[in-house]
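Colleague: I am new to this one. Please show me the model, and then I will ask how its labels were reached.

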Amino acid sequence: MNSELTLWGVGTSRTIRPHWALHELGLAYGCKPILARSGETKTPEYTVLNPRQKIPLLQDGAFTIGESAAIVAYLARKYGGASHLIPVDDAGHARWLEWCFFIVTELDATSLYVMRRHSTGKGLAHIYGESPSVVAKAGEYFMVQLKHVELALTDDRRYLLGDQFTTADILLTTCLTWALDYRLNLPDGLMQYLGRTTSRDGYRVAREANRQQAFQIASQACMS
Ligand SMILES: N[C@@H](CCC(=O)N[C@@H](CS)C(=O)NCC(=O)O)C(=O)O
């Protein structure tokens with residue numbers, strides 16, 4: 001086991017991303033299975049590590065990094081070898097960056113997270129205010145933005161950048177599964193894409209690792 005790597009956080013569409021990258025790269029790691037909205041991100045111990053009080057967070061020895069998209073990119077670059085999870089040629093790398101920014105800004109922050117903030121039930125309307133019209137508009141915006149992804153996949157490419165599975169696919173897949181949770185209807189091409197990405201061993205193992213229950217028995221070892 002690489003005792004240098006510790007990942008903080010389980011249970012959300014953002015926390016599964018680094019679990020997935022770690023498993024794709026075959027890296028052993030320790031996990032602190034803290035949850036969002038539980039008070040666990042606000043403890044003094046955690047706040048020293050991450051003053052932003054957010055999960056996920058990765059510790060790699062003395063180095064600490066937050067933001068799920070940055071964590072998976074860091075892991076891929078440091079541990080992925082020549083081209084694993086990130087394209088290395090200039091144009092491919094630029095295209096990869098373009099997709100990563102598109103996904104975390106347009107699909108995640110501007111659409112799905114807005115829906116979460118203003119939804120009741122499992123959403124955060126009790127904090128940010130209930131707004132069915134904002135939720136509906138954000139859902140519509142998501143579907144419009146998603147057409148760009150659908151178009152990119154119409155040439156039968158296996159993954160977003162072509163044959164190579166990259167961290168952009170990790171980001172996109174987690175947004176698509178999140179959208180399904182909100183009962184947004186995804187086009188067939190994207191459902192097929194989702195079938196390919198979620199049938200990867202890395203995803204299946206990460207999904208289990210991202211469940212808090214998975215750590216309840218193992219947590220003594222994990223949290224020590
Ligand atoms: N853009 C950040 C978002 C991180 C974020 O907002 N995490 C939420 C959970 S998904 C969180 O930690 N919220 C603070 C809390 O719930 O205590 C990322 O992708 O890592």
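**Ligand and cysteines**

Modeller: This is a predicted model. To begin with the ligand, one of its oxygen atoms has a polar side-chain atom of Arg14 at a distance of 3.3 Å.

Colleague: What makes the Arg14 pair a polar contact?

Modeller: The cut-off for two N or O atoms is 3.5 Å, and the Arg14 pair is at 3.3 Å, so the pair counts. For Lys54, a polar side-chain atom is 3.1 Å from a ligand oxygen, so this pair counts too. Ile55 uses a backbone N or O atom, 2.8 Å from an oxygen atom of the ligand. On its own the ligand has 500 Å² of accessible area, and the protein covers 88% of that.

Colleague: Which residues come nearest to the ligand?

Modeller: Of the 13 residues around the ligand, they are Arg37, Thr41, Ile55, Glu67 and Ser68. The shell has six charged, four polar and three nonpolar residues. The ligand takes up the space of the largest pocket.

Colleague: How do you know how many disulfides there are?

Modeller: A disulfide needs two cysteine sulfur atoms within 2.5 Å. The count is zero. Cys100 has its nearest cysteine sulfur, that of Cys175, 11 Å away, and is in no disulfide. From the side of Cys175, the closest cysteine sulfur is in Cys100, and 11 Å is too far for a bond.

Colleague: Why is Cys100 called buried?

Modeller: Buried means under 20% relative accessible area. Cys100 has 9%, so Cys100 is buried. Cys175 has 0% and is therefore buried as well.

Conventions
Residues are numbered from 1 along each chain as its sequence is written. This is a predicted model: local features need pLDDT of at least 70, side-chain atom pairs count only at pLDDT 80 or more; totals for chains, interfaces and linings use all residues. Side-chain values use heavy atoms; hydrogens and water are left out. Buried means under 20% relative accessible area, exposed over 50%, partly exposed in between (1.4 Å probe, protein chains only). A residue is near a molecule or strand if one of its heavy atoms lies within 4 Å of it. A polar contact is a pair of N or O atoms within 3.5 Å; within protein, one must be able to donate a hydrogen and the other to accept it, and residues adjacent in sequence count only if both atoms are side-chain atoms. Accessible areas come from the Shrake-Rupley method with a 1.4 Å probe; for residues, only the protein chains shown count as cover. On a 1 Å grid over the protein atoms alone, a cavity is a set of points where a 1.4 Å probe fits but cannot get out, and a pocket is an open set with protein on both sides within 12 Å along at least five of seven lines; lining residues have an atom within 4 Å of a point. A molecule sits in a cavity or pocket if more than half of its atoms lie within 2 Å of its grid points. Ala, Val, Leu, Ile, Met, Phe, Trp, Tyr, Cys and Pro count as nonpolar, Asp, Glu, Lys and Arg as charged, and the others, Gly among them, as polar.
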